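User: I'm new to this one. Could you walk me through what the labels mean?

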Amino acid sequence: MALARALLQLGQIATTLRDQARTAELAGTLPEDERPLEDIRHQLAAIKTLLMKGLGVRER
């Protein structure tokens, strides 16, 4: 159950970050260096993979 909650929170974090990035892009206020956001995306993907594996769920 804890893994499922963590996965849910991870999804919420990813959604929030995506929405913030989209809003910033539409407003024209993205920083010149987007690497930090890209790093976050990769870290979240890695965490999701680990959690899915821990839950025994195959990713699509």
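**Labels and cut-offs**

Analyst: Sure, let's start with one residue: at 33% relative accessibility, Asp 19 counts as partly exposed.

User: Why is Asp 19 called partly exposed?

Analyst: Buried means under 20% relative accessible area, exposed means over 50%, and partly exposed is in between (1.4 Å probe, protein chains only). Asp 19 has 33%, so the label is partly exposed. Arg 18, with a relative accessible area of 43%, is therefore partly exposed as well. By the way, this is a predicted model: local features need pLDDT of at least 70, side-chain atom pairs count only at pLDDT 80 or more, and totals for chains, interfaces and linings use all residues. Residues are numbered from 1 along each chain as its sequence is written, and side-chain values use heavy atoms, with hydrogens and water left out.

User: What makes the contact of Asp 19 and Arg 18 a salt bridge?

Analyst: The term asks for a side-chain nitrogen of Lys or Arg within 4 Å of a carboxyl oxygen of Asp or Glu. Here the side chains meet at 3.6 Å, N to O, so the pair fits. The structure holds 1 salt bridge.

User: Is Leu 10 buried or exposed, and how do you know?

Analyst: Leu 10 has 8% relative accessibility, so it counts as buried. Leu 10 lies in helix α1, a helix being a DSSP run of H or I with at least four residues, numbered from the N terminus. In space, Leu 10 is 7.1 Å from Lys 48, C-alpha to C-alpha, though they are 38 residues apart in sequence.

User: What makes the nonpolar surface patch?

Analyst: Leu 3, Leu 55 and Val 57 make it, with about 210 Å². Patch residues need over 30% relative accessible area and no salt bridge; nonpolar side chains (Val, Leu, Ile, Met, Phe, Trp, Tyr) are joined within 5 Å, like charges within 9 Å. Leu 3 has 34%, so it is partly exposed. Leu 3 belongs to helix α1, residues 2-27, and its C-alpha atom is 7.4 Å from that of Gly 54, 51 residues apart along the chain.

Key. Accessible areas come from the Shrake-Rupley method with a 1.4 Å probe; for residues, only the protein chains shown count as cover. Helices (H or I, at least four residues) and strands (E, at least two) are DSSP runs, numbered from the N terminus.
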